[in-house]
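Reader: I'd like to learn how to read the empty spaces and the ligand site in a protein model. Could you walk me through one?

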Amino acid sequence: MAQMPLYNTLTLPGGRIWLRAVDYQALTGKAPAAGERITLLMQKEDQAREDLTEKSFFPLAVAGVVAEADENGFVTVELQNRVHIDEIVRLPNQTFSMSLSRRPETEDLDPAEAQRRLKAVKDRILSFAAGQRWEGFLRSFAEHWDSLWTVAGAMSPWLHTSVEERYALLEKDSLKERFDALERMLLEGLEMVDVQSAAQSAQREDYEKLYRESAIKKQIEYLQKELDAMHPENVSEIRRLELKLEEAGMNETALKEGRKVLNRLKGEGSSSPEAGMLTDWLDLLTSLPWKKAEAREISMEEARRALNAEHSGLEKVKRRILQQIAVLRLKGRQSGSILCFVGAPGTGKTSIGESIAKALGREYVRVSLGGVRDEADIRGHRRTYIGSMPGRIIDGIHKCGTSNPVMVLDEVDKLSASYNGDPASALLEVLDPEQNFSFTDHYLNVPFDLSDVLFICTANSLDTIPEPLLNRMEVIQFQGYSPLEKRQIAREHLLPKAMAAVGIPAGKLEVSEGAVCRLIEEYTREAGVRGLKKRLDQLCRTAAVSLVERPEETLRVEAEDVPDYMDMNPVHRKQVGESARPGIVTGLAWTPVGGDILYIQTLLTRGSGKITVTGQLGDVMKESAEIAVSLVKSMLPEQAEVFRDHDLHIHVPDGATPKDGPSAGITLTTALASLVTGFPVPPEVAMTGEVSLSGDVNPIGGLPEKLMAAQRSGVKRVFIPRENLQDLKEVPEEVRNQLTIQAADTVEEVLSALEIPCRPSIPQAI
Ligand code: ADP
């Protein structure tokens with residue numbers, strides 16, 4: 001008996017199946033011949049013939065007989081009855097030997113009903129085929145369908161049933177149950193094919209519509225471009241914006257909003273009152289640098305050269321900037337805190353920002369924050385306002401036109417909060433790398449990525465920078481220049497630039513060292529070099545007149561000629577007075593524009609022990625004054641009797657900031673001691689330091705600026721707190737060399753050094 005494994009055909013007794021003759025031969029090892037009996041086994045899964053084992057088959061199989069082997073190479077097998085595989089053994093030649101027994105079925109199917117239902121299924125199949133190319137073929141084929149079991153054999157390739165589902169049919173003993181299940185399977189299969197083809201054709205229609213639409217759009221675009229190229233002068237404003245919008249490379253949100261506004265503009269026409277506003281907005285949106293700028297390869301050598309080219313000195317600052325640049329190169333983006341340059345005006349904070357941009361090969365943009373009180377200045381006004389506009393950040397980006405400029409936020413210490421919101425918090429958002437990749441300006445109203453911008457802040461003083469902002473920043477101090485450094489800057493940078501600015505060729509004007517010195521000493525009073533730059537500009541302008549009048553001459557400006565070149569009087573320079581009077585002592589102050597000297601004046605008048613403090617320092621000074629009085633009372637008990645029937649008046653002239661209150665402690669105490677003892681302190685002696693009630697001298701800030709101011713003003717000897725000795729390395733050598741600097745731990749040391757008799761401050765027994 002031939003056996004034959006069959007994988008995915010519905011084989012049911014009473015049915016008929018068709019096999020290719022070659023397959024038949026390959027499987028059975030025989031040529032097909034009518035009347036040959038074969039058994040069709042059902043394989044559990046798709047396996048190669050050589051991998052088959054006894055366990056590869058389901059226990060029930062179908063026995064059949066070859067009805068016909070036609071000349072087209074097809075074999076028709078009539079399926080007759082179910083058999084059970086009682087035993088199966090695999091033979092060495094990849095065939096199996098089996099013993100089989102017949103498996104009877106329950107004949108419970110009413111033949112008339114079966115015929116009626118067969119017809120219904122056939123009709124359903126034929127109506128499904130109606131209109132198809134293969135309808136005729138199917139009809140002729142269907143004529144031979146005499147039972148549902150035959151239909152099953154013919155339809156099984158379209159049914160997509162699993163082998164388990166097919167076996168479940170074969171396994172059913174009741175013919176009626178098998179019939180019911182088969183009928184359901186066939187009808188469901190047809191339904192599925194129907195639904196699938198309906199969905200496919202709907203989908204096809206959708207696709208066709210899409211393709212058509214995009215093809216039409218492309219055509220329009222192409223034709224429009226041709227037209228624009230023929231008549232560039234006729235490209236309408238709206239069309240121009242449309243082109244820019246599509247080409248700008250902006251993010252999805254921005255593009256969507258842009259298209260929305262453009263459609264509104266198209267709808268309203270250019271004469272509507274809103275048109276101007278919409279056009280301005282679109283103009284800004286489309287001209288922002290949405291595309292990411294290529295990061296340029298950074299060479300440290302070039303960066304160093306760019307920093308040195310424009311600025312003399314500032315070694316510490318440059319070193320820190322180079323570190324930042326190196327990190328930028330390694331990480332590819334700005335990381336860590338934002339740099340904040342702090343120092344007096346004209347010390348090069350903004351201009352070194354420009355040099356950083358050059359060093360990195362990026363655009364430079366400066367955004368001034370001085371006097372900004374309104375959040376809208378940073379974040380923009382909402383578009384609904386007439387005259388609304390973007391904030392300064394987006395405006396800066398717009399001006400520079402690249403997405404990765406170096407942006408210097410100038411004067412962050414001049415921000416102030418008002419009823420219109422806090423600009424500092426808006427600025428925080430700008431500077432925060434966690435948030436600034438989607439910074440939303442109120443006017444623009446779509447997010448813009450600021451994460452490639454290198455931010456640098458500048459400030460004159462740290463006192464007024466809001467705390468949360470300060471926390472984000474790393475402060476770099478710009479200390480102010482010594483006269484020697486100023487001379488060097490004038491010679492190397494300011495003078496050549498000033499000459500070039502008015503067109504004086506190099507060599508036609510010589511300015512002697514003495515003249516530069518005189519300009520610095522007599523015509524400027526500053527920590528930076530901004531005033532000096534103005535004076536040199538003026539000098540060059542005046543020189544230009546002479547050079548035009550007498551072109552053949554070379555001008556040389558000596559120190560004594562300087563007044564002729566300036567149209568101003570020398571600035572009043574505070575110089576220490578000559579005569580010493582008890583109760584007046586020179587102090588040193590730090591101010592946002594550099595250091596300064598100040599005189600603390602004290603006076604006793606008849607009265608009842610009241611203390612009056614006048615001058616700018618007010619309350620802060622009052623505390624220092626009270627500490628000073630207590631200290632003097634404790635150190636000079638006899639002389640201090642005088643406070644009982646006298647009032648004390650302390651005056652601190654303008655020029656200092658409230659923060660200087662405490663650091664004038666030692667000056668105040670010395671002034672009082674001098675007042676009550678009658679020992680004068682020479683005016684060329686200055687001092688700075690906080691004092692405590694125990695008579696200790698505590699450290700202060702801003703020592704370099706204070707010492708520079710002292711030297712400028714003719715001070716010869718300075719007392720500083722001992723703990724500040726470490727700051728002396730920040731002070732230019734030429735300044736240090738011209739001063740006698742004495743460190744002190746206690747008030748007593750200072751007083752003794754000045755030969756004011758006193759005794760140690762020992763708490764008085766009460
Ligand atoms: P700031 O921002 O600190 O107020 P700027 O950067 O505006 O100061 O500097 C004012 C002028 O002084 C600029 O023209 C600048 O080139 C010049 N300048 C400042 N410091 C230096 C320096 N170290 N070397 C050369 N020029 C300097």
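Reader: Thanks! Let me start inside the protein: which residues line the second largest cavity?

Author: Happy to help, and please keep in mind that this is a predicted model. Rolling a probe the size of a water molecule over the atoms shows where empty space is left. Here the second largest cavity is lined by Trp158, Leu159, His160, Gly189, Met192, Val193 and Gln196. Two elements give two or more residues to that lining, α4 (148-159) and α6 (175-230). The largest share, 4 residues, comes from α6.

Reader: How many cavities of 30 Å³ or more does the structure hold, and what volume does the second largest cavity have?

Author: There are 3 cavities of 30 Å³ or more. The second largest has a volume of about 40 Å³.

Reader: What classes of residue make up its lining?

Author: You can sort the lining residues by class. For the second largest cavity that gives 4 nonpolar, 3 polar and no charged residues.

Reader: Now to the ligand. How many residues surround the ligand, and which are the closest?

Author: The shell holds 19 residues, and the closest are Gly346, Lys349, Thr350, Ser351 and Arg530. By class, the shell divides into 6 nonpolar, 8 polar and 5 charged residues.

Reader: Which atoms of the ligand pair with Arg530, Lys349 and Ser312?

Author: Let's take them one at a time. An oxygen atom of the ligand lies 2.4 Å from a polar side-chain atom of Arg530. For Lys349, an N or O atom in the side chain is 2.6 Å from an oxygen atom of the ligand. With Ser312 the partner is a polar backbone atom, 2.9 Å from a nitrogen atom of the ligand.

Reader: How much of the ligand does the protein bury?

Author: The ligand taken alone exposes 560 Å², and the protein buries 90% of that. The elements giving two or more residues to the shell around the ligand are α12 (349-360), α17 (483-502) and α19 (530-549).

Reader: Where does the ligand lie with respect to the domains?

Author: Check which domains contribute to the shell. Domain 4 (300-478) and domain 5 (483-565) both give residues to the shell, so the ligand lies between them.

Reader: And what are the other domains?

Author: Besides those two, the protein is divided into domain 1 (2-102), domain 2 (111-227), domain 3 (236-287) and domain 6 (584-753). Taken over C-alpha atoms, the centres of domain 3 and domain 6 are separated by 66 Å.

Notes: Residues numbered from 1 in each chain as written. Predicted model: local features only at pLDDT ≥ 70, side-chain atom pairs only at ≥ 80, totals over all residues. Heavy atoms only, no water. 1 Å grid on protein atoms, 1.4 Å probe; cavity = no way out; pocket = protein on both sides within 12 Å on 5 of 7 lines; lining within 4 Å. Points joined across faces, edges and corners; volume = space filled by probe spheres on them. Nonpolar A, V, L, I, M, F, W, Y, C, P; charged D, E, K, R; others polar. Near = heavy atom within 4 Å. Polar contact = N/O pair within 3.5 Å; in protein donor to acceptor, adjacent residues only side chain to side chain. Areas by Shrake-Rupley, 256 points an atom, 1.4 Å probe, with all protein chains shown as cover. Domains from an automatic or database assignment.
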